[in-house]
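Colleague: I am new to this structure and would like a close look at a single part of it. Please take one buried spot, explain what surrounds it, and then work outwards to the rest of the model.

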Amino acid sequence: MAASQVDKARPAKGDDPQLYLPREPVIIALLSALAVVLFLAVTGLSRLYDAQQESLGNRWFARGVEDLQAQRFDRAAVEFRAALLYSRDDYSYQLNLAEALLGLKRTNEAYAYLITLWDRQPEEGLVNLELARIAVQQNETDRALRYYHNAIYAAWPTDQEGKRRDARLELIEYLLRINAKTQAQAELIALAANLGDDPAQQLQVGDLFVRAQDYEHALAAYRVALKSDRHNAAVLAGAGLAAFESGRYPVAYRYLQAAVTGNLNDAQSAARLKTTELVLEMDPFQRQISAEQRNRIVVKAFTAAGERLKGCSPPQSSALPTAPPSLAESWEKMKPRITMAGLQRNPDLVEAAMDLVFNIERQSSTVCGTLAGVDQALLLIAKLHEGS
Amino acid sequence: MDLSSNRTLARADNASALPVSPSERSAKALLQSVFREDRFFLVLSVFIGVFSGLAVVCFRFTIGWFRIYLLGSGIVIAPVRLLLAPTLAGLVIAALVLHVFPTVRGSGVNQTKSALYIYNGYIPVRTAVGKFITAALAIGSGHSLGPEDPSLQIGASLASALGRRMRLSRDRMRLIAPVGAAAGLAAAFNAPISAVLFVIEEVIGHWTAGILGSVVLAAVSSVVVMRWFLGSQPLFRIPPVEMKRPSELIAYAILGVVGGFASVAFSSGTTAMRARCKAMPRWTQYFQPAIAGLLIGTIAILGAPQVMGAGYVYIDEAMHGQFTWQFLAILAGLKIVATLLSFVSGTPGGMFAPTLFIGAMLGAAVGGAEHALLPHFTASPGTYALVGMGVLFAGFLRAPMTSVFMVLEVSGNYSIILPVLVANTFAYLISRGLQPNAIFDVLTRQDGLDLPSMEEQREEGILRVEDAMQPVSGPVLSAEETVDHALREADSAGADNLVVRLSPEGWSSITKAELRTMADAEIGGATVSSLLNDRRIPYLHPDHPLEVALRYVERWPVVPVVSRADFGKLEGVISQRDVLERYREFGEG
């Protein structure tokens, strides 16, 4: 055996087992009793302390909530911090402090609290929504989308459906702001699927669909709204707009007319109605019109295109002898034939004349901008019959 | 003496203590076997932990109450209170310290070491009471001190009182104060591993299974009690710990360097100012804590109320990005000043919390600055704040092991280990390089005591058997050879002391004079083994500390030194003269 081990085998100095024998059980019993008594005493003290801490925490929290509601964010932040002194991990204290800090535009500090809260309860709706808003401020699109979706599917303490809807609406607004129209349309479709017949909500969704340039869904939403409120001028105007933008001019005419009747101050709808009337009046390809009517429209359109050319000459395509003739040359060349008699003689000219008219209007609008009136109507008709 | 014979000896010793046969076993004997002092000491450690935990809970309540009644319950404190509370509390504390509780000055770590090394574990109960009241008043009124070290001393004091009541042996009494200290610190810190390590690293300096068992039991039981009343949440909310890439360790190394210099500034400032304050006339001691309080209040009024008290709330906020890095750096500097003022004025209170505060602020400041410069290179400042705490702990308190485990235990995240190791190593090396003596050692010497420095002990060169042993110059006798033959071999080699290889194993030694006596008595034909039946001697290994050899070289002229891999392989021999000669050279060196 190694020498050091020899030493370890010896009993320690003062380790006399006999010394402790008679009294140890008694001592342990007494110490246990003393521990119990002290434990009870400290429990009493602890209750006193906890009650005081809770009361102070609640008092500061109540003051903070009052100031937060009054938008006195600086005072609210101080008060919520004071409340947290007494209950550091209290969820609502932290959440309200974060709200106050957001009110003070101290985003980083608010984020620190919110992310801690998120770690604790990632399913909490308001925390996700606030984090999404911070991500929006910081242009962190991916993070913003993630938190918004979390908020949409999160747990909300009250009015869960309403809060989820609001979160989605906020997300849609954000998507529209960053021009992510396709994603916005997808969110809107999901939103519309869960909406009731409330005309205000349908109107809002319809308007958002319009902003997302999904006019068919917009029109559908407005129509649902109109079922409940047939004479709502705003809804009628929206439906008119959606129908107008989707090229359904007869429908647009009906809605816009009703909208203008319902609200005489709606200048936009009135202007749009006028344009719609012109479109309907100037479209030679409408069914249910006579040949004479069509020829008259073509003559009128051709004349309007000529006027448009005079006011705004598109650049010459080329000076080369092989280059195609300019629009003005084409118009001049065709002009003698575009008469009521000429069209009657040769109905095929309708198509050629209108093609030239559409070309003139398109190029003119590119060079000189879109005009109102007949020119705009012709442009819309051109768009309507594109590819047909 | 071989392994089995020693075991027999040990069993025989135990048998003499408990002289019972199976047939005589009785309840009394059973109790005897259960309540041997070492076992009783373990049981007592649990009670020490429970009582210390209860005391620390009450201490925390008292600090809270003082804080509310002296500074108010809110975050924004009226300037009048900021000035008056620490100043007036300072006057009361000075009077109490000078007239009622003269032993409660300072942090409490050195007092606990004094109890261990000077006073045989004795710490008066009055110290616990005094520390409790004065430290709670100081911290509650806004002095820049923490509750951990006072808790350590309160725990040690309670343990000492309990040990005295139990009339423990001197050896146990010496150990009981550190056991209580570990319990107090563990409860205050809510970190039992760090408390155990700190007490072993900085107070006791070494450990055995018995000591460790007691210290651990006390620490665990005190933490259980503390958590029962105050909850199990850590002192601060831990931020998500992240390290972006391995190269980020460079950033942590920079933090270690900054922390090392800050530690040196803090500790050299503390020791220099304390020496000056101690040298001032006695009457000034009535006002020193009050003046410190007044200055701290002024700092608070000027815009940094965060420096008041222990400051855990603000550590928490720093970890969660609530301050700019510039303000964090200012806070670290101001906290150093405030803590210096409080501590050197003799106000009772601890250095742990301020150290953590300074470290956290400094860490978050360095992390924040690095993040501002290289946003894609470094992680959030929260992780740096956490590492910064360990950095100051290593650099200022010079407890490197504790500093690492403290951060691990507090963060509960093992992935922080690399940054902590890197930063703490830099801080510790810089601090040790620029300031050879650790803060606690300097403070002890300023108090006129000479307690063993744990750091010096760790660094001390240890002499080993291999440093003093000599190669075997003479013949190695076989136990089977005759005395006459052995004598001839001894004569031809000119050796006076010979090593004997026993059969089948073991070693002994014999002198030439003994062999000659045998030969003269005409028993030269007998084998050497027949003369050595009772002389199997212990052997040593080359890596044994030299002090172990000292225990045996007096009894045997030469002690064999054998290989650990092969006990039959003789590496050398060692004699009393070799040992003393080596010690003499070492002393001269």
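Modeller: Setting aside its neighbours within four places in sequence, B:Pro178 is in contact with B:Thr112, B:Leu116, B:Val199, B:Val203, B:Ile204 and B:Val215. This is a predicted model, and that holds for everything that follows. B:Pro178 belongs to helix α8 of chain B, which runs over residues 170–189. With 28 other C-beta atoms within 10 Å, B:Pro178 passes the cut-off of 20 or more and therefore counts as buried. B:Val109 stands 69 residues away from B:Pro178 along the chain, yet the C-alpha atoms of the two are separated by 9.6 Å.

A second residue in this part of the chain is B:Ala182, which, again leaving out neighbours within four places in sequence, is in contact with B:Ala195, B:Val196, B:Val199, B:Val215, B:Ala218 and B:Ala219. B:Val199 and B:Val215 thus appear among the contacts of both B:Pro178 and B:Ala182. B:Ala182 is also part of the largest nonpolar core, a set of 160 residues in which B:Ala182, B:Val199, B:Ala219 and B:Met361 touch the most other members. Helix α3 of chain B (residues 37–71) supplies the largest share of this core, with 18 residues. The core also draws at least three residues from each of two domains of chain B, namely domain 2 (37–230) and domain 3 (246–455).

There is a second, separate core of 97 residues, and its members include A:Leu84, A:Ala225, A:Val260 and A:Ala353.

Stepping back to chain B as a whole, one finds 26 helices and five strands, and buried residues make up 54% of its 589 residues. Among its contacts between residues at least 6 apart in sequence, 77% join residues at least 24 apart. The C-alpha atoms of chain B fill a box of roughly 105 × 60 × 50 Å along the principal axes.

Chain A, by comparison, has 20 helices and zero strands, and 36% of its 388 residues count as buried. Of its contacts with a separation of 6 or more, 49% are between residues 24 or more positions apart. Its C-alpha atoms fill a box of roughly 140 × 60 × 35 Å along the principal axes, and its radius of gyration is 39 Å, whereas a compact globule of 388 residues would have one near 21 Å.

Within chain A, helix α15 (residues 267–282) offers a check on helix geometry: at 1.5 Å a residue its 16 residues should span 22 Å, and its end C-alpha atoms are indeed 22 Å apart. The buried residues of this helix include A:Leu273, A:Leu278, A:Val279 and A:Met282, and its buried residues pack against α13 (233–245), α14 (249–262), α16 (291–311) and α20 (374–384) of chain A.

A word on confidence belongs here as well. Chain B averages a pLDDT of 86, with 93% of the residues scoring at least 70. Among the elements of chain B, helix α12 (residues 288–301) has the highest mean pLDDT, 96, and helix α1 (residues 3–17) the lowest, 36. Over residues 1–24 of chain B, pLDDT stays under 50, and the model has 24 contacts beyond four places in sequence for that stretch. Where pLDDT is low, the predicted coordinates should not be read in detail. For the complex, the predictor gives an ipTM of 0.77 and a pTM of 0.73.

Key:
Residues are numbered from 1 along each chain as its sequence is written. Chains are lettered from A and ligands numbered from 1 in the order in which they are written. This is a predicted model: local features need pLDDT of at least 70, side-chain atom pairs count only at pLDDT 80 or more; totals for chains, interfaces and linings use all residues. pLDDT is the predictor's confidence in each residue, from 0 to 100. Helices (H or I, at least four residues) and strands (E, at least two) are DSSP runs, numbered from the N terminus. Two residues are in contact if their C-beta atoms, placed from the backbone, lie within 7 Å. A nonpolar core is a set of buried Ala, Val, Leu, Ile, Met, Phe, Trp, Tyr and Cys residues joined through C-beta atoms within 7 Å. A residue is buried if 20 or more other C-beta atoms lie within 10 Å of its own, exposed if 12 or fewer, and partly exposed in between; C-beta atoms are placed from the backbone. Domain bounds come from an automatic or database domain assignment. The expected span of a helix is 1.5 Å times one less than its number of residues. The radius of gyration is taken over C-alpha atoms; the globule rule is 2.2 Å times the number of residues to the power 0.38.
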